[in-house]
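I opened my notebook to look up a few contacts one at a time and to write down what I found for each.

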2 protein chains.
Amino acid sequence: MSVDTFSVLSEPTRRRILDRLLEAESSVNELAKALDVSQPTVSKQLKVLREAGFVTCRTEAQRRIYRIHARPFQALDDWLQPYRALWDRHLDALERHLDNLEES
Amino acid sequence: MSVDTFSVLSEPTRRRILDRLLEAESSVNELAKALDVSQPTVSKQLKVLREAGFVTCRTEAQRRIYRIHARPFQALDDWLQPYRALWDRHLDALERHLDNLEES
DNA sequence: GATGTGTATGCCTTGACAGGCATATACTGA
DNA sequence: TCAGTATATGCCTGTCAAGGCATACACATC
């Protein structure tokens with residue numbers, strides 16, 4: 001996973017953009033209006049999202065149509081994997097170990 | 001999910017602390033030594049992690065033993081859920097829709 | 001080419017925050 | 001009570017990034 005996947009997702013505006021792009025592809029202005037954010041702000045955040053692989057865009061006349069991509073989310077899913085041992089129902093070594101020291 | 005789960009995870013030192021705590025409970029000094037980070041830095045980051053629910057601690061004489069917790073990771077897992085539609089094998093409405101507009 | 005529309009970029013200000021260092025606080029044992 | 005150990009906190013500084021505004025750039029239509 002790219003080192004800064006979390007930084008990218010830590011920005012609320014970017015998460016709102018991703019939420020929206022999950023519903024449908026959108027142009028910059030569509031996003032700006034839907035989210036009530038200035039167009040430059042949207043463009044800047046889309047640039048961040050693009051460079052981190054969260055979105056790609058195609059050109060349609062003067063408009064740029066942005067689309068969400070799976071890969072960074074998959075990477076996040078992968079990153080999460082080892083931590084799932086914390087709540088997966090089957091008792092593995094880690095869980096047994098920690099439960100022996102239970103304090104909370 | 002707490003609004004700032006991603007902000008918490010966006011800090012590399014904090015992720016390293018969580019990595020380590022996933023292996024075993026640790027005191028502050030143990031973490032500081034293992035990660036080669038100053039003790040105040042560790043304490044500060046642990047405070048952030050504590051307030052976000054990633055860790056709890058118990059007192060053992062003068063030492064504070066920190067332990068990782070599942071809940072915020074589960075919240076992250078939940079947040080991820082809608083985005084799994086992007087790569088899940090079965091073709092749902094979203095995927096069909098986006099694929100009709102395929103460009104990449 | 002001139003004008004309009006859509007988007008990107010540059011500059012600026014402001015705020016958040018990470019870490020260094022010093023110090024306060026908490027607990028222990030002599 | 002004193003010294004030692006473990007941890008937390010306060011102050012300071014530097015860095016970085018978000019968004020406002022103006023403007024540059026790209027494309028279309030006439």
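I began with Glu60(B) and asked how accessible this residue is in the predicted model. Its relative accessibility is 36%, so I entered Glu60(B) as partly exposed, since that class lies between the buried limit of under 20% and the exposed limit of over 50%. I then noted that Glu60(B) forms a salt bridge with Arg58(B), in which the closest N and O atoms are 3.3 Å apart.

Next I looked up salt bridges over the whole structure, and the search gave 10 over all chains. One of them joins Arg84(B) to Asp77(A), with 2.7 Å between the closest N and O atoms. This pair crosses between chains, from the loop between helix 5 and helix 6 of chain B to helix 5 of chain A, and I found both Arg84(B) and Asp77(A) buried. Another joins Arg84(A) to Asp77(B), where the closest N and O atoms are also 2.7 Å apart. I recorded Arg84(A) as buried because its relative accessibility is 11%, and Asp77(B) as buried because its relative accessible area is 14%. Asp77(A), Arg84(A), Asp77(B) and Arg84(B) are linked in a network of salt bridges.

My last entry concerns DNA strand C, and I asked which element gives the most residues to the surface near this strand. The answer is helix 4 of chain A, with five residues. By class, I listed five nonpolar, 10 polar and seven charged residues on that surface. For single contacts, I noted that a side-chain N or O atom of Ser43(A) is 2.7 Å from a phosphate oxygen of the strand, while for Arg64(A) a backbone N or O atom lies 3.2 Å from a phosphate oxygen.

Notes: Residues are numbered from 1 along each chain as its sequence is written. Chains are lettered from A and ligands numbered from 1 in the order in which they are written. This is a predicted model: local features need pLDDT of at least 70, side-chain atom pairs count only at pLDDT 80 or more; totals for chains, interfaces and linings use all residues. Side-chain values use heavy atoms; hydrogens and water are left out. A polar contact is a pair of N or O atoms within 3.5 Å; within protein, one must be able to donate a hydrogen and the other to accept it, and residues adjacent in sequence count only if both atoms are side-chain atoms. Helices (H or I, at least four residues) and strands (E, at least two) are DSSP runs, numbered from the N terminus. Ala, Val, Leu, Ile, Met, Phe, Trp, Tyr, Cys and Pro count as nonpolar, Asp, Glu, Lys and Arg as charged, and the others, Gly among them, as polar. A salt bridge is a side-chain nitrogen of Lys or Arg within 4 Å of a carboxyl oxygen of Asp or Glu. Buried means under 20% relative accessible area, exposed over 50%, partly exposed in between (1.4 Å probe, protein chains only).
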